[in-house]
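Student: I'd like a close look at one part of this model: the largest pocket. What lines it, and what surrounds it?

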Amino acid sequence: MATDSTTRTESPGGTATGSPAVRLDGVGRRFGDAIAVERIDLALAQGEFFALLGPSGCGKTTTLRMVGGFEAPSQGRIELGGRDVTGLPPYRREVNTVFQSYALFPHMSVFDNVSYGLRRQKLDRAAAKTRVGQYLEMVGLHGFDKRTPAQLSGGQQQRVALARALVNEPKVLLLDEPMGALDARIRKTMQAELKRIQREVGITFLYVTHDQSEAMAMADRLAVMRAGRCEDVGEPDRVYDRPATQFVADFLGTCNLLPKASGGSAPGRLGIRPEKLHLHRPDPAASASDGERLTARVITATYFGASTEYVVQTAAGDSLIVFAQNVHDASRAREGDEVEVGWAPEHAFPLPDVEAAGA
């Protein structure tokens, strides 16, 4: 587990008001002796799409529920737009939530579902009709206002839930695994749609997911959580290419651990992504300027159409995974082939020597 000295954080960009949209200052949550969230410090910029990412039980949903007022923190302070809301109930916070279950009213039409919050605010019916129409069009459901949830697909129901949350124009929108019930094809479409909508409305999104590709595709920044703590916080490409800990490296994809000898005097261990490794036919004439190289034997070669995944074993007995694009059939290695595995030194990243769970 990362300690405070190894966890990396990157501050969001400045905002017009100077106050983050969301600030968590030493926020934690205990349930009896169990620690769900342990002292989190985060700041989300105005208009930022921020993802909380991690495995089940890591504390990401509890963190989101504390921001929404559905859970009271055991310690720390929560601010929205510079205002302390730590002790306020959900209805007194300028936030709305989209849940995985969508929680639509089955007996109501799409229009009535979306306008429900506006009616509670006693907004003039004509103004409510105009606003509901705007948001239904934004989520691609123009003309669906008279249908009921039972007449909609899963993806359409998710759009209704999103429109219902956005129509009240909250300062922060909380999304708890909102695409968990969708199939893979619809999820991919909705990822692009959700990102477009977030950019259009300019509202800060706090998005909870366990799906690594989903978080990296949509988020401006993300936090990787483990056992109630943030192990790494930053822009997706930095967290992927230069993870703070081995847990982060493994959770965001596949990570090879290189033999320490290949890293020279670098402290700790070195990690490298499979796509940054290259297979070569043995070349005695290769020089040190060509980058790092290890001799290896191909153990397995799995063909995936666009790419092949190789598992190779080095002369020292280490196993490495290599991803290679299938550009030419003749260039593909076969099981049992003797090869060299090469990489550019700058593509390897240092990792701490020891990560004790719960440290």
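Tutor: Let's fix the terms first. On a 1 Å grid over the protein atoms alone, a pocket is an open set of points with protein on both sides within 12 Å along at least five of seven lines; a cavity is a set where a 1.4 Å probe fits but cannot get out; and a lining residue has an atom within 4 Å of a point. Points are joined across faces, edges and corners, and a volume is the space filled by probe spheres set on them.

Two notes on the source. This is a predicted model, where local features need pLDDT of at least 70 and side-chain atom pairs count only at pLDDT 80 or more, while totals for chains, interfaces and linings use all residues. Residues are numbered from 1 along each chain as its sequence is written, and side-chain values use heavy atoms, with hydrogens and water left out.

Now the pocket. Its volume is about 800 Å³. The lining takes in 26 residues, and those nearest the centre are Val95, Asn96, Gly117, Arg120 and Asn168. Elements giving two or more residues to this lining are β6, α2 (110-120) and α4; helices (H or I, at least four residues) and strands (E, at least two) are DSSP runs numbered from the N terminus. The largest share, four residues, belongs to β6. By class, the lining splits into 13 nonpolar, six polar and seven charged residues. Here Ala, Val, Leu, Ile, Met, Phe, Trp, Tyr, Cys and Pro count as nonpolar, Asp, Glu, Lys and Arg as charged, and the others, Gly among them, as polar.

So where does β6 sit? It belongs to an open sheet of six strands, ordered β6-β7-β8-β3-β9-β10, with mixed pairing; two strands pair if DSSP finds at least two bridges between them. β6 (95-98) is an edge strand, as is β10 (229-234), and each pairs on one side only. From one strand to the next, the twist averages 20°. At the β10 end, strand β9 (residues 221-226) pairs with β10 in the antiparallel sense over five bridges, and Leu222 has Gly234 in β10 as its bridge partner.

The pocket's other helix, α4 (residues 154-166), lies across β6, β7 (172-176) and β8 (204-209), and runs at about 175° to β6. Angles go from 0 to 180 degrees between N-to-C directions, with axes fitted to C-alpha atoms, for helices over the stretch in contact; contact means heavy atoms within 4.5 Å.

Compare that with the enclosed space. The structure holds one cavity of 30 Å³ or more, and the largest cavity has a volume of about 30 Å³. Its lining is Val22, Leu24, Leu42, Leu44, Leu52, Thr63, Val67 and Leu206, with β1 (22-31), β2 (34-44) and α1 (60-68) each giving two or more residues. That makes seven nonpolar, one polar and no charged residues.

Zooming out, the chain has eight helices and 18 strands. Of its 359 residues, 48% are buried, that is, under 20% relative accessible area with a 1.4 Å probe, protein chains only. Among contacts with a separation of 6 or more, 68% are between residues 24 or more positions apart.

Methods:
Buried < 20%, exposed > 50% of the residue type's maximum accessible area, 1.4 Å probe, protein only.
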